[in-house]
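Q: I would like to learn how to read a few structural features in a protein model. Could we take them one by one, with the cut-offs stated?

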Amino acid sequence: MAVTLERSQWPDSATDQGELQSRAAAEAYVGGVCFKLGPPTLIGAELEWLTAGPTGSRPTLADLAAALGPYAPTTLASASPAAPLPGGSRVTIEPGGQIELSSAPFADPAALTQRLRADAARLRDLLAARGISIISAAADATRPAERLLRLPRYTAMERHFAGVGPFGALMMCNTAATQVSVDAGADPAEVQARWTALYVLGPTLIAAFACSPRLYGAPRGQWASQRMRTWLRLDPARTRPPVADWADPIGAYAHWALDVPLLCLRCTESDADWSPPPGATFADWLSGALDDEVGRRPGRADLDYHLTTLFPPVRASGHLEVRYLDAQPGDSWTTPVHLFDALLSTPAVVAEATALATPVAGEWHTAGRFGLRDRQLRRTAVDLFDLAAAHARSGPAARELAAAARRCRAGRSPLTESGPVRNGTGGS
């Protein structure tokens, strides 16, 4: 369910990509593609890991491509079929060599975790054959940021984020997340409830799952989630939409998306600079303000691509991607899968979870910095896990969530249960 950026999906030119006649038409298009309405039944997940070669340094792209073979994304090997793994998961690569699995969507979280765990094991074996380890850690504590992927998208991104000190490069190259994706909802009212819940839950769950206290190259400061620290210091227009004021997420998301500054402008020339005019938004491009610099107006494919350069804590991509959790150690990534499945299981549970978390809904910095050391966040986390355990789909899921509630009650990080692990020592 996660967005991938395969070169085969990119248009070669502005032709045949569909015209956008007005801002109103563009906003209507965004609302339609970002929020697919239907009964909420599916759940998916994306797992990210750091990678290391035999000496502990970053593996080369050539070694990663050779190890992955037919599963390699086209960003590594342009002629690759980019086949899914046997469980349906697809492999992608992040700028610093982080590797990620994006699952297929499933109606049953037990099936999701089973298939994704099997695909993760297969991925470990493929990489191990070339001496590459995967490390389940949310932040790289030992290596400086180093960008391996030299695609023009990431060159433009690195240049754009250069004004915020080291945080852009650290986010791109030295962090990893566990993401969960869920259906948006059956109608606008349900979308609004589920969207609001995911944002209101954010600070509490950041605190509950914070497990990146060390990040090489980060400025001084003690944070429970150094990974979240990088996101909080990045481009606010791109990463922190004003959702507290959104009574209609579908319309508001579309309006916000057009006013986010462009991160890059795709060009067909292989050596072209994709950096856009400074400060220019998609709305500017649509209105004709960039005619001199760009030479054409955007089409639907340009808007589709722009949407992949938005990084809010919850991103609308037809479904809703929860992007604010640290990568979890070992196999414990299954806990957030069961948590979101339970907390979004019925409208009544959604409403109860939202009410429980509302008192700390705005505490994003507190959550990232202090984690479960903050008493109110800790109490709220326990309440949410208890609620989830009561509405879990299975006994094993309920027991897993109850164990997480006990961990939170004791103020323990996920790292106290199982620390960062390498290939062959229990990592997922």
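A: We start with disulfides, defined as a pair of cysteine sulfur atoms within 2.5 Å. A search of the whole structure finds 0 disulfides. Cysteine 211 is in no disulfide, and the nearest cysteine sulfur, in cysteine 408, lies 12 Å away. This is a predicted model, in which local features need pLDDT of at least 70 and side-chain atom pairs count only at pLDDT 80 or more, while totals for chains, interfaces and linings use all residues. Residues are numbered from 1 along each chain as its sequence is written, and side-chain values use heavy atoms, with hydrogens and water left out.

Q: Why is cysteine 267 without a bond to the closest cysteine sulfur?

A: Because the closest cysteine sulfur, in cysteine 264, is 9.5 Å from that of cysteine 267, too far for a bond.

Q: Are these cysteines, 211 and 267, buried or partly exposed?

A: Buried means under 20% relative accessible area, exposed over 50%, and partly exposed in between, with a 1.4 Å probe and protein chains only. Cysteine 211 has a relative accessible area of 6%, so it is buried. Cysteine 267, at 31%, is partly exposed.

Q: How many cavities does the structure hold, and which residues line the second largest?

A: A cavity is a set of points, on a 1 Å grid over the protein atoms alone, where a 1.4 Å probe fits but cannot get out; lining residues have an atom within 4 Å of a point. Grid points are joined across faces, edges and corners, and a volume is the space filled by probe spheres set on the points. The structure holds 4 cavities of 30 Å³ or more. The second largest has about 80 Å³ of space. Its lining consists of Leu262, Leu263, Cys264, Leu265, Arg266, Trp285, Asp302, Tyr305, His306 and Thr309.

Q: What is the make-up of that lining, and which helix gives the largest share?

A: Ala, Val, Leu, Ile, Met, Phe, Trp, Tyr, Cys and Pro count as nonpolar, Asp, Glu, Lys and Arg as charged, and the others, Gly among them, as polar. By that scheme the lining divides into 6 nonpolar, 2 polar and 2 charged residues. Helices (H or I, at least four residues) and strands (E, at least two) are DSSP runs numbered from the N terminus. Helix α12 (residues 300–307) supplies the largest share of the lining, 3 residues.

Q: What does the side chain of threonine 308 lie 2.6 Å from?

A: A polar contact is a pair of N or O atoms within 3.5 Å; within protein, one must be able to donate a hydrogen and the other to accept it, and residues adjacent in sequence count only if both atoms are side-chain atoms. A polar atom of the threonine 308 side chain lies 2.6 Å from the backbone oxygen of tyrosine 305. Threonine 308 is in the loop between α12 and β6 (314–316), and is buried at 12% relative accessible area.

Q: Where is threonine 230, and what does its side chain pair with?

A: Threonine 230 is found in helix α7 (residues 226–233). A polar atom of its side chain is 2.6 Å from the backbone oxygen of arginine 227. Its relative accessible area is 0%, so threonine 230 is buried. Contact means heavy atoms within 4.5 Å. Beyond its neighbours within four places in sequence, threonine 230 is in contact with Phe167, Leu170, Met171, Thr175 and Leu215.

Notes. 1 Å grid on protein atoms, 1.4 Å probe; cavity = no way out; pocket = protein on both sides within 12 Å on 5 of 7 lines; lining within 4 Å.
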